[in-house]
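Visitor: I'd like to talk through the aromatic rings here, and I want the reasoning behind each label. Can you take me through it?

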Amino acid sequence: KLLAIAEQIKDSDNWKETTNEMKRIQAEWKKIGHVPRSESDKIWKQFKDACNHYFDRLHQIQDNANKGLVEVFNQKKELLSEFKTKVEEEAEFTIDLVNSYIENWKGLGAVPDKMRHIEGKFSKVLDHAYKKLNMDKNEVAQLKFQNTVDSFVAQNDSRKLYNEQLFVRRKIDEITKEIKQLENNISFISNATEDNPLVKNVYKSIEKHKEQLQIWQDKLNYLKKIEI
């Protein structure tokens, strides 16, 4: 029965499910125990050949995919070098130029896991570029956040996307609670008129918290546009 299953699925292209099934029947094969030697060698060879046939096909697919990812890394390495030179040597450059490098970077796709350090290097050059453009710090923070999220999308990393959304929601909850607490504090201040210095400080703090809340809300809105 196990041999029949192996023969049936050895040419499947449903890699994830078939790989799990192949591993399952191999484990079950070991548990069954001995059969007469006259039958053992024959069916074992057939079973082994069917399993090897499938896994040889799988490894060929994986090797080709890895070669493609390494090529992506080499292309990103060249683009990073070019971008870094632009940022360091050109006296004037625009946000449109920066955005064009970001789009080209994303368009190249993902790199192998062990080479993902290059994403961090690109992010550092991007930080340098934003500083030279004298952009508003909140706008820069939003752009950096979007680039980070986009890199998770390029890597098909749904776990990091989920964790990022969880973190953002927690920040929104924390700031919302802090605003409510500050608003509640005003009611306990004696002579809580608008010209009261203590009241003024509380209102300033509330406004700062609301600005932060909007930043995190914008991040959440960006995440909501993405399928996780």
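Guide: Sure, and let's begin with a definition: a charge sits over a ring if NZ of Lys or CZ of Arg is within 6 Å of the ring centre and within 35 degrees of the ring normal. Keep in mind that this is a predicted model.

Visitor: What makes K219 a charge over the ring of W216?

Guide: The charged end of K219 is 3.9 Å from the centre of the W216 ring, and the limit is 6 Å. K219 does sit over that ring.

Visitor: How many aromatic pairs are there in the whole structure?

Guide: The search turns up 9. One of them joins W29 and W44, with 6.0 Å between centres and 45° between planes.

Visitor: Why is the W29 and W44 pair called tilted?

Guide: Stacked needs planes under 30 degrees apart and edge-to-face over 60; at 45° the pair fits neither, so tilted it is. W29 belongs to helix α2 and W44 to helix α3, so the pair ties together parts 15 residues apart in sequence.

Visitor: Why does W44 count as partly exposed?

Guide: Its relative accessibility is 38%, and partly exposed runs between 20% and 50%.

Visitor: What makes F83 and Y101 a stacked pair?

Guide: Their planes are at 20°, with centres 4.7 Å apart, and stacked means under 30 degrees. This pair links F83 in helix α3 with Y101 in helix α4, 18 residues apart.

Visitor: How do you know whether F83 and Y101 are buried or exposed?

Guide: Buried means under 20%. F83 comes in at 2% and Y101 at 4%, so both are buried. Together with W105 and F122, they form one aromatic cluster.

Terms used. Residues are numbered from 1 along each chain as its sequence is written. This is a predicted model: local features need pLDDT of at least 70, side-chain atom pairs count only at pLDDT 80 or more; totals for chains, interfaces and linings use all residues. Side-chain values use heavy atoms; hydrogens and water are left out. Rings of Phe, Tyr and Trp (its six-membered ring) pair if their centres lie within 6.5 Å; planes under 30 degrees apart count as stacked, over 60 as edge-to-face and the rest as tilted. Helices (H or I, at least four residues) and strands (E, at least two) are DSSP runs, numbered from the N terminus. Buried means under 20% relative accessible area, exposed over 50%, partly exposed in between (1.4 Å probe, protein chains only).
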